[in-house]
Amino acid sequence: MVLRLSTFPSDVRGVGLAGLSTSTNAAITAADNVLSAFGKLQAQITAVSATAAAALPKSGGTMTGAITLSADPASALQPATKQYVDARIATTIAANNTFANTTYTNIFPGQTFNDGLQGTNIITSSSPVLGQYTGLAGYVRSQQSQSSGNQNGVALFGAASAEVNGAAVWGVNTLLQDSASRAIGSGTGRILIGYEVDINVMCPGTQIIGCSVGGNGLSQPGSSNGYIVNSLGSGIKWGGGFVTEDGAANYALAIGASSAVAGANYSSQIVAFSFYDKNSAKQSATIQMTSVPGTAEGDFLIGGSVPVALTMLNGNINITNAGFLTIGGNTVVGPRVTGMGAVTGGSNLAFNAATATLQQTAGAAAYALQVLINHGLLGP
């Protein structure tokens with residue numbers, strides 16, 4: 001091979017690298033020739049390229065393996081480790097359990113509980129003024145008609161089953177108290193509302209049910225009460241068991257028929273009362289509407305376990321249409337008989353049927369007529 005100075009650079013660049021090996025990824029040393037040095041350098045470049053290709057870009061990407069961080073985060077934008085998250089959750093649950101346990105046992109000492117889902121909150125004297133603070137909340141916005149299926153929006157829902165004899169479950173059970181401890185206090189202005197439903201109506205075609213109590217059972221229970229008012233404590237009573245505010249309803253109470261299926265001579269459901277007689281025996285009384293057999297009229301029935309009477313403490317009994325007062329099916333008082341003139345000539349209460357004169361008889365009749373007039377049974 002002839003080397004010429006004028007073509008030396010191009011001749012060198014044109015020499016092939018026969019025998020080049022890139023299998024050794026190691027640092028270049030002074031003992032390496034040019035060919036082995038190129039091989040090591042290429043091996044390093046290849047390894048770095050492979051590492052770079054497997055690296056997560058700064059713009060983001062998907063990790064195919066686990067990441068182990070050196071420590072828990074110390075600032076807001078550092079990533080959180082699993083142990084950090086678990087510890088925070090455990091601390092929060094423990095704090096909530098302590099708060100809930102203190103709240104519950106202060107109200108109901110000696111009782112224990114186990115919550116499947118728990119929400120806690122505390123309103124301190126320095127808490128911000130908000131619309132409300134809630135322990136547990138649910139929010140639903142329904143944007144689908146029920147005509148497309150049974151799409152019921154339920155903000156809070158729970159299901160429970162009593163699956164063995166003696167078991168008991170509650171659908172909703174709240175416990176309120178006007179003090180942090182179970183002791184008679186002197187606080188004022190405190191309000192306890194066990195259950196409140198606020199319904200805002202904007203459309204006149206909307207149907208409203210404030211509270212619906214029903215079910216889908218398959219058998220008649222031995223005891224069933226849709227609504228029970230218990231006492232507020234031993235000897236502590238409600239001011240009113242059921243109250244409607246002025247102007248709140250068209251019907252304060254509506255009582256349906258005894259049958260859900262229309263038919264002849266179905267009475268209304270019974271309204272029952274309890275009382276104790278002079279012998280401290282508990283008695284009952286009932287009122288009910290029933291049909292008059294063979295007519296389209298109705299009877300208002302008053303009965304009981306003992307004879308009961310209707311007593312007017314103040315006022316009158318008014319029968320607006322033509323009607324009768326009957327006893328044992330016999331009419332004893334009916335509408336006024338009109339056409340009666342004034343009784344003149346005096347009256348005489350004393351009367352002896354064996355010896356009475358015509359004048360005495362007329363006086364007794366006049367007295368009787370005047371009594372009937374005074375009671376309204378006779379009149380002009």
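**Group meeting: salt bridges, strands and a nonpolar patch**

Let me begin with aspartate 32, which has a relative accessibility of 21% and therefore counts as partly exposed. I should say at once that what we have here is a predicted model, and I will describe it in those terms throughout.

Aspartate 32 forms a salt bridge with lysine 40, and the closest N and O atoms of that pair lie 3.0 Å apart. What about the accessibility of lysine 40, is the residue buried or exposed? With a relative accessible area of 15%, lysine 40 is buried, because the cut-off for that word is under 20%. Aspartate 32, at 21%, is counted as partly exposed, so the salt bridge joins a buried lysine 40 to a partly exposed aspartate 32.

How many salt bridges does the model contain by this rule? The count comes to two, and the other pair I want to show you is lysine 82 with aspartate 86, where the closest N and O atoms are 2.6 Å apart. Both of these residues sit in helix H3, which covers residues 82–107, and they are four residues apart, or about one turn of the helix. Here lysine 82 is exposed, with a relative accessible area of 64%, while aspartate 86, at 35% relative accessibility, counts as partly exposed.

From helix H3 we pass into the loop that lies between H3 and E1, and I will pick out residues there, beginning with serine 127. Serine 127 is buried, with a relative accessible area of 18%, and its side chain reaches the backbone nitrogen of threonine 124 at 2.8 Å. Alanine 249 is found in the loop between H3 and E1 as well, but at 46% relative accessibility alanine 249 counts as partly exposed. If you take alanine 249 together with alanine 100, the two are 149 residues apart in sequence and, from C-alpha to C-alpha, 39 Å apart in space.

Asparagine 265 also lies in the loop between H3 and E1, and here the backbone deserves a look, since phi of asparagine 265 is near 60 degrees, a positive value in a residue other than glycine. Most residues other than glycine have a negative phi, which is the reason for pointing this one out. The relative accessibility of asparagine 265 is 52%, so this residue counts as exposed.

Now to the sheet. Three strands form an open sheet in the order E1-E2-E3, and the pairing is antiparallel. Strand E1, residues 271–276, and strand E3 stand at the edges, each with a single partner strand, so that one side of each is left without a neighbour in the sheet. Neighbouring strands of this sheet are turned by 15 degrees against each other on average, if direction is ignored.

Strand E1 pairs with strand E2, residues 282–291, in the antiparallel sense over six bridges, and within that pairing tyrosine 276 stands opposite lysine 282 in E2. The loop between E1 and E2 holds serine 280, whose phi is near 65 degrees, again a positive value in a residue other than glycine. Serine 280 is exposed, with a relative accessible area of 60%. By contrast, glutamine 283, in strand E2, is buried at a relative accessible area of 14%, and its side chain is joined to that of aspartate 277 by a polar contact of 3.0 Å.

Further along the chain, E4 and strand E5, residues 330–333, run antiparallel and are joined by three bridges, with valine 333 in E5 as the bridge partner of leucine 325. E4 and E5 form a hairpin with two residues between them, and glycine 328 in the turn has a positive phi of about 60 degrees.

Which residues, to finish, make the nonpolar surface patch of about 870 Å²? They are Phe275, Met289, Phe300, Ile302, Val308, Leu310, Met312, Ile317 and Ile319. One of them, methionine 312, is found in the loop between strand E3, residues 298–304, and strand E4, residues 325–327. With a relative accessibility of 40%, methionine 312 counts as partly exposed.

Note on methods. Residues are numbered from 1 along each chain as its sequence is written. This is a predicted model: local features need pLDDT of at least 70, side-chain atom pairs count only at pLDDT 80 or more; totals for chains, interfaces and linings use all residues. Side-chain values use heavy atoms; hydrogens and water are left out. Patches are made of residues with over 30% relative accessible area and no salt bridge: like charges are joined within 9 Å, nonpolar side chains (Val, Leu, Ile, Met, Phe, Trp, Tyr) within 5 Å. Accessible areas come from the Shrake-Rupley method with a 1.4 Å probe; for residues, only the protein chains shown count as cover. A salt bridge is a side-chain nitrogen of Lys or Arg within 4 Å of a carboxyl oxygen of Asp or Glu. Buried means under 20% relative accessible area, exposed over 50%, partly exposed in between (1.4 Å probe, protein chains only). Two strands pair if DSSP finds at least two bridges between them. Axes are lines fitted to C-alpha atoms, for helices over the stretch in contact, and angles run from 0 to 180 degrees between N-to-C directions. A polar contact is a pair of N or O atoms within 3.5 Å; within protein, one must be able to donate a hydrogen and the other to accept it, and residues adjacent in sequence count only if both atoms are side-chain atoms.
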